Amino acid sequence: MALAGTALPAQAADIPAPGEIVMSPNIKHVLNVPKPEALADIHTDMAFQGDYAYVGNYYGFSIYDIRNPKKTSLVSSVVCPGGQMDVSVYGNLLFGSVDSSRNNDSCASTSQPASVKESWEGMRIFDISDKSAPKYIKSVETNCGSHTHTLVPDRRGENVYIYVSSYSPSAAFPDCQPPHDLISIIKVPLRDPTAATVVATPNLFPDGGFGGVPGTYPDSKSATTGCHDITAYPEKGIAAGACMGDGILLDIRDPERPRVTAQVRDETNFAFWHSATFNNDGTKVIFTDELGGGTRATCNEAIGPNRGANAYYDIVRGQLVFKSYFKISRHQADTENCVAHNGSLIPVKGRDIMVQAWYQGGISVVDFTDSAHPQEIAYFERGPDNTAPALSGGFWSAYYYNGYIYGSDFNLGLDVLKINDPRTNQAGSVRTDRLNVQSQASYPGHGHGHGH
């Protein structure tokens, strides 16, 4: 056995055993909280408020007590099927995205084709004032459902706007007809959230957007038929949209009337513009390419370093200027789905540092202060997840909140990590009372003039 082992090619030998944890010396695995038994599907996105973490699941969502992150514990789970349950929180409200067509809007609903006119998909709103027993209070139907959503609170604190991203229309879907070059905007009056309603459906691509490149994986490129995700930076009045075939900048100073101010494409390397993150100064955008939709092994030699990667853009005189790509350098097994996915900034004064999920590629921390030369400074990953079918595991999201990194793993639950590194340690003194990653807020004491 030992002799056979030494004959493995170097690359295969570098892949950890199934479930084995490997990490850089500056990261510590604090704990793992297994996925609740009540939720039969995979974990998805996360949001944070006060002493609680909220974790979406195709089957509903869970609330965790993180007052002491080392003792993170489950408070409650709400069973309410309808993927993918992208979540945000604001005050006593939790918002959940449903992009799977249901026979009605209830938590007892079952799957029903979108070709049936009466089918429902869209946004669900829950009252979470009692963390042990959240109440479902309102649904808002949107054209083509809600794949993801983004909160944009108004300046007066009276309403929260929800930018709903969805895509893939079909002539067979009565409520989701092509071309669908729009987003839906829901207005939620905070005094009466059950009065939430769609107030606008602005067309972001009057020219139709990118037409796509036909072909097969990995060479095809998505046509733009809506947006996959939008990240807003409300205090700066801007947003960035990752819209399948296009990356865009938006002026959102009037939240009911967002306006596209810049548009960019990458016909060489980007297959599917998936998500966007601003740096704290609002002078850079990281776009991610979800090559293969998160169900392919793209972190290998065959795909290379520039596809399924992050792309860093500087905002120069209002336009997006490409600087570089970043992709994790650790090759993954061909059974491991791996591609750039959701992450958040680590609040370090004068530097641009982001933690990010790569599905079964694990969690990576990248310093992109020099956006032309991003550098990985820490990582955490497991060997192939053999608790589930191949290509269906790993971290959906990895976010930094009040001193700790939280990772939502498809099958294995919620992981809590701690980074100890001179480049990030000052972030430990920055406290925030809410984190909806797609609704960025600036962190305090940021030194200007660095890395522009």
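**Exercise 1. Asn32 and its partners**

With which side chain does the side chain of Asn32 make a polar contact? Work out where Asn32 sits and what surrounds it.

*Solution.* Keep in mind throughout that this is a predicted model.

- Step 1: Find the residue. Asn32 belongs to strand S2, which covers residues 27-33.
- Step 2: Judge its exposure. Asn32 counts as partly exposed because its relative accessibility is 28%, and that class lies between the 20% and 50% cut-offs.
- Step 3: List the neighbours. Leaving aside residues up to four places away in sequence, Asn32 touches Arg382, Leu412, Gly413, Leu414 and Asp415.
- Step 4: Pick out the polar partners. The side chain of Asn32 makes a polar contact with the side chain of Asp415 at 3.3 Å. The Asn32 side chain also reaches the backbone oxygen of Leu412, at 2.9 Å.
- Step 5: Add a distance through space. From C-alpha to C-alpha, Asn32 and Thr72 are 8.6 Å apart, with their positions 40 residues apart in sequence.

**Exercise 2. Ser139: buried or exposed?**

Decide whether Ser139 is buried or exposed, then find the side chain with which its own side chain makes a polar contact.

*Solution.*

- Step 1: Place the residue. Ser139 is part of strand S10, residues 135-141.
- Step 2: Compare with the cut-off. Buried means under 20% relative accessible area. Ser139 has 16% relative accessibility, so Ser139 counts as buried.
- Step 3: Look around. Beyond residues up to four places away in sequence, Ser139 touches Asp105, Trp120 and Met123.
- Step 4: Name the polar partner. A polar contact of 2.6 Å links the side chains of Ser139 and Asp105.

**Exercise 3. Two prolines compared**

Classify Pro16 and Pro153 by exposure, and describe the setting of each residue.

*Solution.*

- Step 1: Start with Pro16. This proline lies in the loop between helix H2 (10-14) and strand S1 (21-23). Pro16 is buried because its relative accessible area is 11%.
- Step 2: Find what Pro16 touches. Its contacts, not counting residues up to four places away in sequence, are Val22, Glu381, Gly383 and Pro384.
- Step 3: Set sequence against space. Pro16 and Gln332 are 316 residues apart in sequence, and their C-alpha atoms are 9.0 Å apart.
- Step 4: Turn to Pro153. This residue lies in strand S11 (residues 148-153). With a relative accessible area of 22%, Pro153 is partly exposed.
- Step 5: Repeat the contact search. Pro153 touches Tyr90, Asn159, Val160, Pro234 and Ser439, again leaving out residues up to four places away in sequence.
- Step 6: Take one more pair. Pro153 and Pro18 are 135 residues apart in sequence and 43 Å apart in space, C-alpha to C-alpha.

**Exercise 4. Backbone oddities**

Which peptide bonds, ending at Pro179 and Pro218, deserve a look at omega, and what is phi at His180 and Leu391?

*Solution.*

- Step 1: Recall the background. Most residues other than glycine have a negative phi, and most peptide bonds are trans.
- Step 2: Check omega. The bond from Pro178 to Pro179 is cis, with omega near 5 degrees. The bond from Tyr217 to Pro218 is cis too, with omega near 5 degrees.
- Step 3: Place both prolines. Pro179 is in the loop between strand S12 (159-165) and strand S13 (184-189), while Pro218 is in the loop between strand S14 (197-200) and strand S15 (229-233).
- Step 4: Check phi. His180 has a positive phi of about 55 degrees, and Leu391 has a positive phi near 60 degrees; neither residue is a glycine.
- Step 5: Add the surroundings. His180 lies in the loop between S12 and S13 and is buried, with a relative accessible area of 4%. Leu391 sits in the loop between strand S26 (375-382) and strand S27 (395-401), and its 26% relative accessibility makes Leu391 partly exposed.

**Exercise 5. The whole protein**

Test the protein against the radius of gyration of a compact globule.

*Solution.*

- Step 1: Count the elements. The protein has 2 helices and 30 strands.
- Step 2: Compare the radii. A compact globule of 452 residues would have a radius of gyration near 22 Å; the protein has 21 Å, so the values agree.
- Step 3: Read the extents. The C-alpha trace spans about 65 × 50 × 50 Å along its principal axes.
- Step 4: Consider burial. Of the 452 residues, 59% are buried.

Definitions and conventions: Residues are numbered from 1 along each chain as its sequence is written. This is a predicted model: local features need pLDDT of at least 70, side-chain atom pairs count only at pLDDT 80 or more; totals for chains, interfaces and linings use all residues. Side-chain values use heavy atoms; hydrogens and water are left out. Helices (H or I, at least four residues) and strands (E, at least two) are DSSP runs, numbered from the N terminus. The radius of gyration is taken over C-alpha atoms; the globule rule is 2.2 Å times the number of residues to the power 0.38. Buried means under 20% relative accessible area, exposed over 50%, partly exposed in between (1.4 Å probe, protein chains only). A polar contact is a pair of N or O atoms within 3.5 Å; within protein, one must be able to donate a hydrogen and the other to accept it, and residues adjacent in sequence count only if both atoms are side-chain atoms. Contact means heavy atoms within 4.5 Å.
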